[in-house]
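Student: I should like to learn how to read a binding site in a structure that is new to me. Might we take it step by step?

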Amino acid sequence: MPRIISIVSGKGGVGKTICSLNLALTLHQFGEKVVVVDSDITASNLGFHLGYYSFPTSFQNVLMGEAEIEEVIHRHPTGLHFIPSSISLSDINVRPKNMRQILASLPYDMVIVDSPPGLDTVAREVINASDELLVITTPETPAVANAVKVIRLAEETRKKLVGIIVNRFTGTETELKPEEIEMICEVPVLGVIPEDPAIRDSVFEKTPVVALDPYCDASIAFKKIAAQLIGKVYQPPRFLGLRRLLGLL
Ligand code: ADP
Ligand code: MG
């Protein structure tokens, strides 16, 4: 049975899809047998980030019992295995059933699930289908306040909360600090991903940033988090700043 790890948040637009893709690709690069699944069925956009817009069959077809899960696994040139959701308006009313059973049947060691935000029906189904949860938030009060609600629900369902990922961190005075987020949420921060223009570029290039710019600040942060998920420690190359300046990386 695979480890089903879902990337969840209280608020939309905080970086779930970016984080799901980059953690999954990093785990693949570390040699793990991993697939990333777009479970945000009403506002799916994982395919967009990879340059794929239409698929003959998608995760919705599996949820509706019209396709087998193996039929909807795609492979990106980076090596990433992914299961997209349809972006068609006609597919947004799917009622997710048996999500756990479907995800648990995937022939992988790890399944990373990109989730819908908040606590609606699909989001709750995803939480129920998971073994472990990573809660992602930006360092602002509205996002953190909503993250707390997801954390409370996760605690009720007795799912393993791996930790919080703080995304788009700049370190300015007006932001909450990781220690403050830990205090508010009462869950440890697993990693901090900086605000990084390389992420915008990666969205434009339709390639996860860890493939496009493997040693930018965000990529290093993703590698550190991914390593922790498999009980390892990622050591960035030595003299990274100097090597970047010399154009060696
Ligand atoms: P969600 O899936 O939670 O709705 P996304 O992963 O789609 O959020 O991220 C929304 C947008 O935020 C991305 O398209 C990207 O432009 C931007 N973004 C996310 N994380 C970062 C970051 N660390 N640095 C810069 N831009 C980011
Ligand atoms: Mg998303």
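Tutor: The following dialogue treats the pocket and the ligand of this predicted model.

Student: How does one look for empty space, and how much space lies in the largest pocket?

Tutor: Rolling a probe the size of a water molecule over the atoms shows where empty space is left. Here, the largest pocket holds about 400 Å³ of space.

Student: Which residues lie nearest the centre of the largest pocket?

Tutor: They are Gly13, Val14, Gly15, Ile18 and Arg168, out of a lining of 20 residues. By class, this lining comprises six nonpolar, seven polar and seven charged residues. H1, S7 and H8 each contribute at least two residues to the lining.

Student: Where does ligand 1 sit?

Tutor: Ligand 1 occupies the largest pocket. The elements giving two or more residues to its shell are helix H1 (16-29), strand S7 (160-169), strand S8 (189-194) and helix H8 (197-205).

Student: How many residues surround ligand 1?

Tutor: There are 16, and the closest are Gly13, Lys16, Thr17, Ile18 and Asn167. The shell consists of six nonpolar, five polar and five charged residues.

Student: What polar atoms face the oxygen and nitrogen atoms of ligand 1?

Tutor: An N or O atom in the side chain of lysine 16 is 2.7 Å from an oxygen atom of the ligand. For isoleucine 18, a backbone N or O atom lies 2.9 Å from a ligand oxygen atom. A polar backbone atom of aspartate 196 is 3.0 Å from a nitrogen atom of ligand 1. Of the 570 Å² of accessible area that ligand 1 has on its own, the protein covers 86%.

Notes:
Residues numbered from 1 in each chain as written. Chains lettered and ligands numbered in written order. Predicted model: local features only at pLDDT ≥ 70, side-chain atom pairs only at ≥ 80, totals over all residues. Heavy atoms only, no water. Near = heavy atom within 4 Å. Polar contact = N/O pair within 3.5 Å; in protein donor to acceptor, adjacent residues only side chain to side chain. Areas by Shrake-Rupley, 256 points an atom, 1.4 Å probe, with all protein chains shown as cover. 1 Å grid on protein atoms, 1.4 Å probe; cavity = no way out; pocket = protein on both sides within 12 Å on 5 of 7 lines; lining within 4 Å. Sits in = over half its atoms within 2 Å of the grid points. Helix = DSSP H or I, 4+ residues; strand = E, 2+ residues; numbered from the N terminus. Nonpolar A, V, L, I, M, F, W, Y, C, P; charged D, E, K, R; others polar. Points joined across faces, edges and corners; volume = space filled by probe spheres on them.
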